[in-house]
Amino acid sequence: MSTGIAMIRADLLKLRRRRALMAWSALLFAGAQLLFFGFGAVRHASDPAHFGPAGGTHGLVNALMLVSYLGGVAAVMIGTAAGGGDAAAGVLRDLVSSGRSRLALFAVRLPAALLVVLAFTIPSLVVATGGAVVLAGQQPVPATGALAASALAAAVSIAVTTLLAVGLSSLLSSRSIAIGLLLCWNLALSRVLEHATSLGQLRGLLPNAAAERLVPVAVGGAYTVAMPVAAAVAVLVGWVAVACVAGAWRTASRDA
Amino acid sequence: MAASRIVTSVLPMEETHESTVLETDELTKRFGDRTVVAGLDLRVPARCAFGLLGPNGAGKTTLIRMLLGLTRPTSGTVRLLGLTMPAGRARALAGVGAIVEEPRFHLHLTGRENLMVAAAVRGAPAAGRVAPLLERVGLADRADDRAGDYSLGMRQRLGIARCLLSDPRLLILDEPMNGLDPAGILEMRHLIRSLVDEGRTVMVSSHLLDEVEKTCDLVAILDRGRLIAQGPVAQIARDGGRQVLIGCDDPGRAVAVLRRHVVSARAVPGDEHLLQVTPAPGVTVAEVNRSMVEAGIAVERLEPVRATLEERFLEITSRLEAAK
């Protein structure tokens, strides 16, 4: 096994052993989906005249929104744990004094965080898309292509959030500040800015606007900020690149 | 700690310069206007226990952090295992194990998992050393407990195990006796000596002078970032000058008689018949004795005082303090 893979496995171990973080992540990702569809199915079964089926396109949109918001919170927690965990535990100085490249120490955090987050994201998306189909009732079932594209868009959004969290928490000396900033940005500020029409096309630089562009119109409806898919991908890549470069620079230059 | 030793492969020192594992030239570190390490020229020979002594704020930890590349020197050079830093950083540090300040761990991981994480960055052979090292430092029975449940002494031992993962030629231990009970200190002393016996060099930073004296072969004394003494422990201690204890029936008259023959003479607290004197240069202890006998003073005891490193350390640092 190469040293790089061994280091990724070590970072995976550090994350997996955080039991509270893993439990909360499971709750926010898959638990929220199960609750959403379970509650919707019971409500529909008890009063079909007033409450529609839990699934269908409408159910899928709501389920993906839950993945994006609550899964995003979990992604921030996991990403910041991966990015700032060594420094917070005081272990970074030992890792640095091993002679291993500081850039390598930073780089292995990215796949480790992504793997952990995807381990939660994929089951939650399976529940979301499966629930949308199984619990569609009389409503039209979203097409397979739309389901797949919607799930992919949600996964990309979560992955971007994770990488931003790794980069920002590596940049800052405080994990809690990184969590606060990212949650504030993801859940409030970026949403407000996305709807601030006075900003015009500048809104296209927002990562949430770019991520929404990846969701098919058949599922997400009209885009708040219209832009080509290539531009949306470029925006997301740009955000990830800036965060990762900043995190790598700080890891390489800071006193350990 | 277990007496058993892991199979080691300490490499010969062919890469080092004249068997010196560490050399610094004019090494300086400033934080703003404050100079923490000032133009330090340090030489640490191979295969010895080297003590780094100094009062709080002397610059010991900052020096260690610069040696390990944890913080950048303001100026000066460092050669570690014959390699110039930072150009040879990766190769040099691969042969170094270190504990800086206190050993820190991921508290949610077990002792074994912490070593596995540390081994992952040190290359494949390190992973195979995890179990033997846990055995060596006496943590095999608690290896699968969370590090957060370990006592400070256990964490020190786990830190030593982590240091040894890369089978280092040089170990740098910052205050390794901190938090240890007397039995733990004794075990640590034996461990350090056993590491030296294996052909490694162990650099120990400590404020426990007695421990450094018992453990180390060579010592460097730092004060306010400056190297003020360096050499074999016995020589540093001896350089403080020779003293002699004199037991007699009339200490008051003895002081008057000896005035011409000694640099200082003072009563030893708690014993009214005992004096501690420092003979003047060129004056032998026999001459001191004869002077007293010829003056009719009954000399009951004449005993050379063995200078300790602690006394020498305090003498040097207090002298510097007085000179300011």
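**Notebook: a predicted two-chain model**

I began at a hairpin in chain B, where L80(B) stands opposite L83(B) in β5(B). The model is predicted, and I kept this in mind for every entry.

**Entry 1: the strands around L80(B)**

I followed the pairing outward from that residue pair. Strands β4(B) and β5(B) run antiparallel to each other and share three bridges. On a further strand, β1 (residues 20–31) of chain B, I found L22(B) opposite L80(B) of β4(B). The pairing of β1(B) with β4(B) is also antiparallel, and it extends over five bridges. I noted a general rule for reading such strands: in a regular strand the side chains alternate between the two faces of the sheet.

**Entry 2: the turn at L81(B)**

I asked what phi L81(B) takes in the hairpin of β4(B) and β5(B). The value is positive, near 50°, and the hairpin has two residues between its strands. L81(B) is not a glycine, and I located it in the loop between β4 (75–80) and β5 of chain B. I recorded the general background here: most residues other than glycine have a negative phi, and most peptide bonds are trans.

Is L81(B) buried or exposed? I found 25 other C-beta atoms within 10 Å of L81(B), so this residue is buried, the cut-off being 20 or more.

**Entry 3: a second positive phi, and a cis bond**

I then looked up R47(B), which is not a glycine either and has a positive phi of about 60°. Its place is the loop between β2 (34–45) and β3 (49–53) of chain B. With 17 other C-beta atoms within 10 Å, R47(B) is partly exposed, because the count lies between the limits of 12 and 20.

I also checked the peptide bond between M85(B) and P86(B). This bond is cis, with omega about 0°. P86(B) belongs to the loop between β5 (83–85) and α2 (89–93) of chain B.

**Entry 4: chain B as a whole**

I stepped back to the whole of chain B, which contains 12 helices and 14 strands. Of its 324 residues, 44% count as buried. I looked next at contacts in chain B between residues at least 6 apart in sequence: 70% of them join residues at least 24 apart.

**Entry 5: confidence in the prediction**

How far does the predictor trust chain B? The average pLDDT is 86, and 89% of the residues score at least 70. Confidence in chain B is highest in helix α3 (residues 111–120), at 96, and lowest in helix α12 (residues 309–323), at a mean of 66. Residues 1–17 of chain B have a pLDDT below 50, although this stretch has 37 contacts in the model beyond near neighbours in sequence. I noted the general caution that where pLDDT is low, the predicted coordinates should not be read in detail. For the complex, the predictor gives an ipTM of 0.89 and a pTM of 0.81.

**Entry 6: where the chains touch**

I counted the residues on either side of the contact: 28 come from chain B and 24 from chain A. On the side of chain B that touches chain A, α2 and α3 of chain B each supply at least two residues. The most comes from α3(B), with five residues. By class, this side of chain B has 17 nonpolar, six polar and five charged residues.

**Entry 7: two bent helices in chain A**

I turned to helix α3 (residues 56–89) of chain A, which has 34 residues. The distance from its first C-alpha to its last is 46 Å, close to the 50 Å expected at 1.5 Å a residue. I found a kink of about 50° in α3(A), centred on G83(A). This helix is mostly covered, with 26 of its 34 residues buried. After α3(A) comes G90(A), with a positive phi near 80°.

I compared the span of helix α8 (residues 175–194) of chain A with its expected value. Its 20 residues should span 28 Å at 1.5 Å a residue, and the end C-alpha atoms are 26 Å apart, which agrees. At W185(A), α8(A) bends by about 50°.

Which residues of α8(A) are buried? They are A178(A), I179(A), L182(A) and N186(A). I recalled that an α-helix has 3.6 residues a turn, so residues three or four places apart point the same way. The cover over the buried residues of α8(A) includes α3 and α7 (144–171) of chain A.

Technical notes
Residues are numbered from 1 along each chain as its sequence is written. Chains are lettered from A and ligands numbered from 1 in the order in which they are written. Helices (H or I, at least four residues) and strands (E, at least two) are DSSP runs, numbered from the N terminus. The expected span of a helix is 1.5 Å times one less than its number of residues. The bend at a residue is the angle between axes fitted to the seven residues ending there and the seven starting there. pLDDT is the predictor's confidence in each residue, from 0 to 100. Two residues are in contact if their C-beta atoms, placed from the backbone, lie within 7 Å. Ala, Val, Leu, Ile, Met, Phe, Trp, Tyr, Cys and Pro count as nonpolar, Asp, Glu, Lys and Arg as charged, and the others, Gly among them, as polar. Two strands pair if DSSP finds at least two bridges between them.
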